[in-house]
Amino acid sequence: MEEKLSSVAKNFTPSPIQELSHLAQRCNAINLAEGFPDFPAPVRIKNAAVSAINSDFNQYRHVQGICDHLAAAMKKMHDLDVNPLTDIAICCGQTEAFAAAIFGVIDPGDEVVLFDPSYETYEGCITMAGGVPVFVALDPPQWTLCPGKLLKSFTGRTKAIVWNSPHNPTGKVFSKEELEVIAEACCRWDCLAITDEVYEHITFDDKKHISLASLPGMQKRTVITSSLSKTFSVTGWRIGWAIAPAFAASAIRNIHVKITDSAPAPFQEAALTALTSPPEYFEGLKKEYEFKRDFIVKVLTSIGFQIHFKPQGSVFLFAELPKNCLLSDVEYAKELVKEAGVVAVPGCGFFHTKLSMEPSSEASCNYQKRYVRFAFCKSIATLAAAAQKFSDLKNATRYEHP
């Protein structure tokens, strides 16, 4: 009966990242693959969730207070005027908010520009909507945006651009100058922007996250998606949102209701506590993750990984394999599980740029099989255990000469 599956379902395969997480569980390996914390969430928001359950907030629910807090935060962080009654849709995590945004604006045949490398969910949502992904490669090793490449990617069929910063998997925080290039292209071609800003509060070295919506002419054409997940270490609670012009927010809300009806009621209540966290919480979050970033950079550098680009934000390090390593990223990740008991994500799964027919193209794209993503949103104990495992690889010459 498999022939009864839709063409979309037939073309989808299991998420490599989730499969690696399952592998880590089966092998009792250290999971540096998936971007979820293995340490406790803040006590005050856990207590708020428990209180909500004990108060019987267990039915379909829309907590307007979340929208009120988000509107205030947008004004404070980005000087954006957001109407909490019309411009915000609460969803089951950023993933649903993003998917609903795509389904709300993309018709079959519409082109959507994305940056490469990029998180796997984006392309999947676009293809489910019948859209056509158009990838623009960020230039390694600094993952810089080439304005010429971006402008050439826009056509009369371009409906939207997807933008993620701080960026998964590279940890790049897009600069104001790069955002100006993106905004100019959107305005010139009258396109929408759909953003993923889940790491907005996790930036390092005095880097500041700037929302694309804050640039001139962009708020009216931008859908911002984000969530509680990364900022408050509650990836399983599934509380996210879309902030958009009223016409788009309404469409997203309608799609959300048809698919899931309501985000989890007790966790919506707990979100009120999370969103009123003091400034000290966010500063502490940055410092903690900056320390962990520096720790994993030092560990990987010590075993030969090439760290050309130190993450400016997010919870990921995108590291190039040691210079003399003849293994591909996939081969190395498999050996890492087998020999060291550590799971990481091969970088090729984040790349989508197809090679051109030019003879030099294959060589120029070899870097796509040279990167591995490590998640450092783990406890110090977990990272220290991984460091010990890595130290055992120092003299394993086969990683350099298989």
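Begin by selecting Leu-317 and Phe-374: in β12, Phe-374 is the bridge partner of Leu-317. The model on display is predicted. Extend the selection to strand β12 (residues 371-375) and β9, which run antiparallel and are joined by 5 bridges. Adding β11 completes an open sheet of 3 strands, ordered β9-β12-β11, with antiparallel pairing. Its edge strands, β9 (316-320) and β11 (345-346), each pair on one side only.

Before moving on, colour the chain by confidence. The average pLDDT is 93, and 95% of the residues score at least 70. Residues 355-361 are an exception to be marked, with pLDDT under 50 throughout. For this stretch the model has 4 contacts beyond four places in sequence. Where pLDDT is low, predicted coordinates should not be read in detail.

**The seven-stranded sheet**

Select next the open sheet of 7 strands, which follow the order β2-β8-β7-β6-β5-β3-β4 with mixed pairing. β2 (88-91) and β4 (132-137) stand at the edges; each has a single partner strand, so one side of each is left without a neighbour in the sheet. From one strand to the next, the twist averages 20°.

Within this sheet, display strand β6 (residues 192-196) and strand β7 (residues 222-227), which run parallel and are joined by 4 bridges. Thr-195 can be found opposite Ile-224 in β7. Then show helix α9 (residues 246-259), which lies across β2, β7 and β8 (240-243) and runs at about 25° to β2.

**Helix pairs**

Keep α9 in view and add helix α5 (residues 93-105). The axes of these two helices come within 9 Å and cross at roughly 115°, in a right-handed crossing. On the α5 side, the contact is made by Glu-96, Ala-97, Ala-100, Ala-101, Phe-103 and Gly-104. α9 contributes Ile-252, Ile-255, His-256 and Ile-259. By class, this contact has 7 nonpolar, 2 polar and 1 charged residues.

Now select helix α3 (residues 43-54) with helix α10 (residues 265-274), which pack at an angle of about 145° with their axes 8 Å apart. α3 passes α10 in a right-handed crossing. The α3 residues in the contact are Arg-44, Ile-45, Ala-48, Ala-49, Ala-52 and Ile-53. Facing them from α10 are Pro-266, Phe-267, Glu-269, Ala-270, Thr-273 and Ala-274. The contact has 9 nonpolar, 1 polar and 2 charged residues.

**An aromatic pair**

The model has 22 aromatic pairs. One of them to display is the stacked pair of Phe-232 and Tyr-281, with 5.3 Å centre to centre and 10° between the planes. This pair links distant parts of the chain, 49 residues apart: Phe-232 is in the loop between β7 and β8, and Tyr-281 is in helix α11 (residues 279-302).

**Backbone features in loops**

Most residues other than glycine have a negative phi, and most peptide bonds are trans. Three sites merit inspection in this light.

- Pro-140 and Pro-141 are joined by a cis peptide bond with omega of about 5°; Pro-141 is in the loop between β4 and α7 (147-153).
- From Ser-165 to Pro-166 the peptide bond is cis, with omega near -10°; Pro-166 is in the loop between β5 (158-164) and α8 (176-189).
- Asp-190, although not a glycine, has a positive phi of about 55°; Asp-190 is in the loop between α8 and β6.

How values were computed: Residues are numbered from 1 along each chain as its sequence is written. This is a predicted model: local features need pLDDT of at least 70, side-chain atom pairs count only at pLDDT 80 or more; totals for chains, interfaces and linings use all residues. Side-chain values use heavy atoms; hydrogens and water are left out. Two strands pair if DSSP finds at least two bridges between them. Axes are lines fitted to C-alpha atoms, for helices over the stretch in contact, and angles run from 0 to 180 degrees between N-to-C directions. Contact means heavy atoms within 4.5 Å. pLDDT is the predictor's confidence in each residue, from 0 to 100. A crossing is left-handed if the near helix is turned anticlockwise from the far one by less than a right angle, and right-handed if clockwise. Ala, Val, Leu, Ile, Met, Phe, Trp, Tyr, Cys and Pro count as nonpolar, Asp, Glu, Lys and Arg as charged, and the others, Gly among them, as polar. Rings of Phe, Tyr and Trp (its six-membered ring) pair if their centres lie within 6.5 Å; planes under 30 degrees apart count as stacked, over 60 as edge-to-face and the rest as tilted.
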